[in-house]
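Colleague: I've just opened this one and I'd like to know what stands behind the labels people put on it. Can you walk me through them?

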Amino acid sequence: MNENSNNVVMLEEEESAFDFRQLGQLCLSNWYWILGSMVACVLFAGVYLWFASSTVTVTGKMEIIDKSKKGSGMSAGLAMLNSLPMGLGSSLGGAMGASSIDAEKEIILSNSLVTSVVKDLGLYTEYRLSKWGRKTLLYQNNPVEVSLDEAHVAWLDTELPLYFHQIKLTISKGADGYTVEPTLVEGKEETDLPEQTFATLPATIKTEAGTLTIKENKLPARLAKPYEGSYTLKVTITPPTQVANAFIGRTTFEAVDKKVANMANISLADENLMRGIDYVNALVEAYNQRANDEKNEEARKTEEFVNNRLAKIDGELGSSDAAWENSKKNFQITTPEVDAQEALTKKSEYETRLVAIGTELQLHDFLSEYVNNPANLYEIIPAGISSGAGMGSETGAGASSGGSAGTASLIAQHNSLVNQRRELLKSVSEMSPQLQRVNQSIKELQPVLKTALKRDRQSILMRQNTLQREYGKSMGRIGSAPKMERVLTEIGREREIKQAVFLLMLQKREETAMELANITDKGKLIDPPAPEPGSNKPQKKLVLLVALFLGALLPVGILYLLQMFKGKFDTRQELESATKLPILAELTSTTAEEAIRTLRTNLLLNLKKDQKVLLVASANKGDGKSSIAKRLEDSLNAIGKRALLINGDLRNAASSVNAHPSDILAGEAFAKEVADAKAANDFVILDSPALGEYNDALQLASYADATLYVVKAGKTQKADVEALHSNNNIPNPFIVFNK
């Protein structure tokens, strides 16, 4: 008995192993389903690979060159901003000093910029070669070219987004020439136009969406060879803006490294390698062209400002020259006499410095007048027109003390924000959050800039007043100087100021002209666009391997799930995994006699000495319990054990009873009969009706010491076996598996 118990424990410990063994047997018995599923999945994968559009990712590394960020000016500007109260300067400086990758991404992936690339490369017209149900994208090797007049190409975009128009052509080449089947698409409706045949190309087709021109494409011999015979070409003309949106969705622009703010990878996933390379190159070229256009716009604004000031100063300079000439005529002199050489030397020095400060003050007023004009809030402030520009040591000192370097930095920051605003207006609306943030930054910068200009002017006036006092002292020393000298001095000083400003404006005009002639790229491809290794999709080997794996996994999974959720037992392994009760024997049609002996042996090993009454029960009628009970009786008698079988299945039609079966089984007469049989025999076997049909079996169980529960393969429910663990009315249950 101990040996048998150990065997049961070992079976429980190896339950998981039996599960894997059961799964293996399940796969072996259904191998044809698994093989068929694998073949079907591989065939499906082959069909998918044939019809699926393949893509490859093209990537180029781009350096963003921002020449506007000069070291000293920017540092001085940030220092000044940080000195502002209430943290305003630090917040503005932090926003302006942030990485520009995100801002450049908005520019380079703007719909307007990508649309211009789509139009330049003609990507709004797509050619696909149709063969064996597969449509292969052609680029630069299409046998014919289809063009739509430019007016209607623009019209396709102007109709969006309310009306979507598209032109589809099916061009078939045969022995008799070319057959063209046009279709117009408006929204979701398609209209087929009359089929047209042309013996030769070029040919023209007029439609409601414009005039189409079809002509042969002059291809090299190696590219033209596949089209020598017949072919079918699918041509689609889509609104450029719509095509641009599709390209934007497949384009990524991201920093190479978070630590490097001016290096980015620009990638495109596309069906055609050459188209992807051309697109990336053209996109960077268009990006550079737009940047140069913006830079030239700033230079042209500066040139306009300079020319206006030159015209104004020229008139003022003419008036000063006339006053100088008239004064000399009135006083009838050519050169004033000097009485005191020392006083004249100092006077000359002070006059030079006063001229410099006067020039600086007038330039400053010109700039303040432009900045204070509300109409120029979102306009470029002329670059380089700032106080202290090229005016010698006096102005240099003023710039240092008055903070003109900080003012120039603020002007540069204002111009940078205005350029950013203009770029955003090309891709977003006036009410977009991005544009509102830029507008707010410009408005917040205005009071800071105006305050800096006022502070600069006060500094210039203080220095001018100081020099004026020193100059007055010097003039006082020249007590004998005639009145005419004073008049001529004032007029001369005014003339020198006008001349200095005029020369400065001429110099700035030349600098602006040189800037307009200087064209530099804002973005540079340091690594030309090339396919990324392993970026081809779909990957044929991987798809086939996955299909093979799924082909094997799906039927195994389905079989396993069916087996797991199956409510009946087919194998002993399934029965063992569902119950911990001892399984005494497994009966089959070929080993029935030997199985009965095994049942007898295991029963004797597991029964205790005082357990003599055995109940043979099952869940359903026809599970073979009566046959097993009879054979067990014969087998016990065969080895000298006295065994008696009592038929407790009184519901059987063969039994002749006058009273109700339940009353008989619960009566004292039947109880005495069982007691007498138990006293006269070694074993008493009670054959019972089905547990699931009547309550008779539970009445018989009250007389039994142990129960042989017969499980019929393919019939007994798992729930019935699991219920034995919690059914206290069934004494000491053992399992007999009847196959």
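Colleague: Why is Glu297 called partly exposed?

Modeller: Its relative accessible area is 34%. Buried means under 20%, exposed means over 50%, and partly exposed is whatever falls in between, using a 1.4 Å probe and protein chains only. So Glu297, at 34%, gets the middle label. Keep in mind that this is a predicted model, where local features need pLDDT of at least 70, side-chain atom pairs count only at pLDDT 80 or more, and totals for chains, interfaces and linings use all residues. Residues are numbered from 1 along each chain as its sequence is written, and side-chain values use heavy atoms, with hydrogens and water left out.

Colleague: Where does Glu297 lie?

Modeller: In helix α11, residues 273–331. Helices are DSSP runs of H or I with at least four residues, strands are runs of E with at least two, and both are numbered from the N terminus. The C-alpha atoms of Glu297 and Asn419 are 10.0 Å apart, with the two positions 122 residues apart along the chain.

Colleague: What makes Glu189 count as exposed?

Modeller: Glu189 has 59% relative accessibility, so it counts as exposed. You'll find Glu189 in strand β7, residues 189–192. The C-alpha atoms of Glu189 and His165 are separated by 9.7 Å, and these residues are 24 apart along the chain.

Colleague: How do you know that the buried residues of α6 are on the same side?

Modeller: The buried ones in α6 (residues 101–108) are Ile101, Glu104, Ile107 and Ile108. They cover an arc of only 120° around the axis, which puts them on the same side of α6. That arc is taken from the directions from the helix axis to the C-beta atoms. As background, an α-helix has 3.6 residues a turn, so residues three or four places apart point the same way.

Colleague: What makes the second largest pocket a pocket, and what is its volume?

Modeller: The work is done on a 1 Å grid over the protein atoms alone: a pocket is an open set of points with protein on both sides within 12 Å along at least five of seven lines, and lining residues have an atom within 4 Å of a point. The volume here is about 510 Å³; that is the space filled by probe spheres set on the points, which are joined across faces, edges and corners. Its lining has 26 residues, with Glu126, Arg128, Val235, Thr236 and Thr238 nearest the centre. Helix α10 gives the largest share, four residues.

Colleague: What is odd about the phi of Trp132?

Modeller: Phi of Trp132 is near 55°, a positive value in a residue other than glycine. Most residues other than glycine have a negative phi, and most peptide bonds are trans. Trp132 is in the loop between β2 and β3 (134–138), and at 70% relative accessibility it counts as exposed. Asn732 also has a positive phi, near 40°, and is partly exposed with a relative accessible area of 38%.

Colleague: Which peptide bond ahead of Pro161 is called cis, and what is its omega?

Modeller: The bond from Leu160 to Pro161, with omega near 0°. Pro161 lies in the loop between α8 (150–159) and β5. The bond from Lys537 to Pro538 is cis too, with omega near -5°, and Pro538 lies in the loop between β14 (523–531) and α17 (540–565).

Key: On a 1 Å grid over the protein atoms alone, a cavity is a set of points where a 1.4 Å probe fits but cannot get out, and a pocket is an open set with protein on both sides within 12 Å along at least five of seven lines; lining residues have an atom within 4 Å of a point.
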